[in-house]
Amino acid sequence: MGGAYIILAGAIMLFSWMVSSKLKSKFELYSKLQLQNGMSGKEIAEKMLADNGIRDVRVISVAGQLTDHYNPSDKTVNLSEAVYNHRNAAAAAVAAHECGHAVQHAIGYEWLTLRSKLVPVVSVASNYMQWILLAGILMIKAFPQLLLVGIILFAATTLFSIITLPVEYDASNRALAWLENKHMLTQQEQAGAKDALKWAARTYLVAAIGSIATLLYYISIYSGSRRN
């Protein structure tokens, strides 16, 4: 399993790098596609929220790149400076996507609710699981239960990454449907937004696959120790 895992991990890392590079190039491309409606990411977000009857969510600007996110705790759509101020297809796609999460929150979308409940568990697991897994492998013969604890913690983060998939894909679908139904973009701009969000979603898919593969690797180590 060790050699097979190394090959699999290498393949996943390569695929992750390819997807990340493709995503970056796609966003650079669609950042040059200026919107004919002249709206900024902030204005796109505010209109999508209003059209969905959401009045208690603020749209704010945050520093950094790819820092865009929806925060359900304080009900804010946080857009990076490039998205908040810019008026292109990439900015429209990201702004609408993050508002898709706000819509999910407003209607009680079950997958988002489940993911939110897992956040405290995943936060604790992320802080300790690597050390516990390392110690568990080093002490596998004397104290195999320690590795099992690490596996359980890692399984929680893996479950979180799996649950994230429907949350992200649904937010993108809501965003694209709204952009199209409200005729916010031209046909070319809509195609660009769809392509950009498609590649963004694939980063979450790669992360989930990598997490599952790593979890199976740790399980195989534990199972092997039990057989021995």
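**Group meeting: helix α5, helix α7 and a small sheet**

Gly-136 sits in helix α5. Before I go on, keep in mind that this is a predicted model. Gly-136 has a relative accessibility of 0%, so it counts as buried. Leaving aside residues up to four places away in sequence, what does Gly-136 touch? Its contacts are Leu-146 and Leu-147. There is also a distance to note with Leu-148: 12 residues separate Gly-136 from Leu-148 in sequence, and their C-alpha atoms are 7.7 Å apart.

Now the helix itself. Helix α5 covers residues 110-138, which is 29 residues. At 1.5 Å a residue the expected span is 42 Å, and the end C-alpha atoms lie 40 Å apart, so the two values agree. Where is the kink in α5 centred? It is centred on Tyr-128, and the angle is about 45°. As for burial, the buried residues of α5 begin with Leu-112, Arg-115, Leu-118 and Val-122. The list continues with Ala-125, Met-129 and Leu-133, and it ends with Gly-136, where I started.

Next, helix α7, which takes in residues 187-227. The residue I picked there is Ser-211. Is Ser-211 buried or exposed? Its relative accessibility is 11%, so Ser-211 counts as buried. The side chain of Ser-211 makes a polar contact of 2.7 Å with the side chain of Thr-158. Thr-158 also appears in the contact list of Ser-211, together with Phe-154, Thr-157 and Ser-161. That list again leaves out residues up to four places away in sequence.

Last, the sheet. How many strands form it, and in what order? There are 3 strands in an open sheet, ordered β1-β3-β2, with mixed pairing. The edge positions belong to β1, residues 58-62, and β2, residues 69-71. Each of these has a single partner strand, so one side of each has no neighbour in the sheet. From one strand to the next, the twist averages 30°.

For the pairing of β1 with β3, the latter being residues 76-80, the strands run parallel and 5 bridges join them. To place that on the sequence, Ile-60 stands opposite Asn-78 in β3.

To recap the three parts: α5 is kinked around Tyr-128, Ser-211 in α7 has a side-chain polar contact with Thr-158, and the sheet is open with β1 and β2 at its edges.

Key:
Residues numbered from 1 in each chain as written. Predicted model: local features only at pLDDT ≥ 70, side-chain atom pairs only at ≥ 80, totals over all residues. Heavy atoms only, no water. Pairing = 2+ DSSP bridges. Helix = DSSP H or I, 4+ residues; strand = E, 2+ residues; numbered from the N terminus. Axes fitted to C-alpha atoms, helices over the stretch in contact; angles between N-to-C directions. Buried < 20%, exposed > 50% of the residue type's maximum accessible area, 1.4 Å probe, protein only. Polar contact = N/O pair within 3.5 Å; in protein donor to acceptor, adjacent residues only side chain to side chain. Contact = heavy atoms within 4.5 Å. Expected span 1.5 Å × (residues − 1). Bend = angle between axes of the 7 residues up to and from the residue.
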